[in-house]
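Hi everyone, thanks for coming. Today I'd like to walk you through one structure, step by step, so please have a look at the screen.

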Amino acid sequence: MSENTAVAVAGAERAPYVDAVRKGLSEVLNKDVSGAEESVRLFDELGLDSSSALELLITIEELLGVQFDAEELEMTHFETVGSLADFVAAEASA
C-alpha cells in the first residue's frame, strides 16, 4: 500500500468520527456546523463553553454508542473539530 493510499484509508476510517463531532456540535449549539472545517476552533470560533463541552461529549457518546474515560480528557482535545475527532477515534477504538 502506498503512503497516499494509507492516508486515504486512515481518512476514511476517521470520517465517521469527524461527522459525529460535527453532528454533536450542531445539536448542542443549535446551529448547522455540518460543513465546519477540521481546523475550526471549538471555543473561539463556535462558542463552545465548559457546560456545552460536557453536553457535546454525552451527545457524541450516544451517537457512536461509546463511552469516554473522563480521566483521558485534556483541554487540547477541545481545540478544534479535528483534535476532538482524533480523541473520539482513539477512545472508540480503545
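Let's begin with one residue, leucine 73, which counts as partly exposed because its relative accessibility is 27%, and the cut-off for buried is under 20%. Please keep in mind that this is a predicted model. Where does leucine 73 sit? Leucine 73 is in the loop between helix 2 and helix 3. Leaving out residues up to four places away in sequence, leucine 73 touches Leu57, Phe78 and Phe87. If you go from leucine 73 to leucine 84, you move 11 residues along the sequence. In space, the C-alpha atoms of those two leucines are 10.0 Å apart.

Now let's step back and take in the whole chain. How many helices and strands does the chain have? The answer is 3 helices and 0 strands, so to speak an α-α-α pattern when you read along the sequence. The chain has 94 residues, and 39% of them are buried. As for the surface, the chain exposes about 5600 Å², with carbon and sulfur atoms supplying 49% of that area. Here is one more number for the whole chain. Take the contacts between residues at least 6 apart in sequence: 57% of these join residues at least 24 apart.

Next, the inside. The largest nonpolar core holds 24 residues. Which of them touch the most other members? They are Val21, Leu25, Leu42, Leu48, Val81, Leu84 and Val88. Three helices each supply at least two residues of this core: helix 1, running 3–29, helix 2, running 50–64, and helix 3, running 81–92.

Let me pick out one of those core members, leucine 25. Setting aside its neighbours within four places in sequence, leucine 25 is in contact with Asn30, Lys31, Val33, Leu42, Leu46, Leu48, Leu56 and Val81. You may recognise some of those names, since Leu42, Leu48 and Val81 are also among the core residues that touch the most other members.

Let's turn to the aromatic rings. A pair of aromatic rings is described by the distance of the centres and the angle of the planes. This structure holds 1 aromatic pair. Phenylalanine 68 and phenylalanine 87 form that pair, with 5.6 Å from centre to centre and 40° between the planes, and the arrangement is tilted. The pair links distant parts of the chain, with phenylalanine 68 in the loop between helix 2 and helix 3, phenylalanine 87 in helix 3, and their positions 19 residues apart. Are these two rings' residues buried or exposed? Phenylalanine 68 is buried, at a relative accessible area of 11%, and phenylalanine 87 is buried too, at 5%. Phenylalanine 87 also brings us back to our starting point, as one of the residues that leucine 73 touches.

Finally, the charged side chains. Side chains of opposite charge can pair when their charged atoms come close. How many salt bridges are there here? The count comes to 4, and I'll show you some of them.

Our main character is arginine 14, which is found in helix 1. Glutamate 38 and arginine 14 meet through their side chains in a salt bridge, at 2.6 Å from N to O. Glutamate 38 lies in the loop between helix 1 and helix 2, while arginine 14 is in helix 1, so this pair ties together parts that are 24 residues apart in sequence. Glutamate 38 counts as partly exposed, at 31% relative accessibility.

Arginine 14 also forms a salt bridge with aspartate 86, where the closest N and O atoms are 2.5 Å apart. Aspartate 86 lies in helix 3 and arginine 14 in helix 1, so here the parts tied together are 72 residues apart in sequence. At 41% relative accessibility, aspartate 86 counts as partly exposed. Beyond its neighbours within four places in sequence, arginine 14 is in contact with Glu38, Gly82, Ala85 and Asp86.

One more salt bridge joins the side chains of aspartate 19 and arginine 22, at 3.8 Å from N to O. Both residues lie in helix 1, 3 residues apart, which is about one turn of the helix. Aspartate 19 is partly exposed at 45% relative accessibility, whereas arginine 22 is buried at 17%. To finish the picture, salt bridges that share partners join Arg14, Glu38 and Asp86 into one network.

Thanks for listening!

Definitions and conventions. Residues are numbered from 1 along each chain as its sequence is written. This is a predicted model: local features need pLDDT of at least 70, side-chain atom pairs count only at pLDDT 80 or more; totals for chains, interfaces and linings use all residues. Side-chain values use heavy atoms; hydrogens and water are left out. A nonpolar core is a set of buried Ala, Val, Leu, Ile, Met, Phe, Trp, Tyr and Cys residues joined through side-chain atoms within 4.5 Å. Buried means under 20% relative accessible area, exposed over 50%, partly exposed in between (1.4 Å probe, protein chains only). Helices (H or I, at least four residues) and strands (E, at least two) are DSSP runs, numbered from the N terminus. Contact means heavy atoms within 4.5 Å. Accessible areas come from the Shrake-Rupley method with a 1.4 Å probe; for residues, only the protein chains shown count as cover. Rings of Phe, Tyr and Trp (its six-membered ring) pair if their centres lie within 6.5 Å; planes under 30 degrees apart count as stacked, over 60 as edge-to-face and the rest as tilted.
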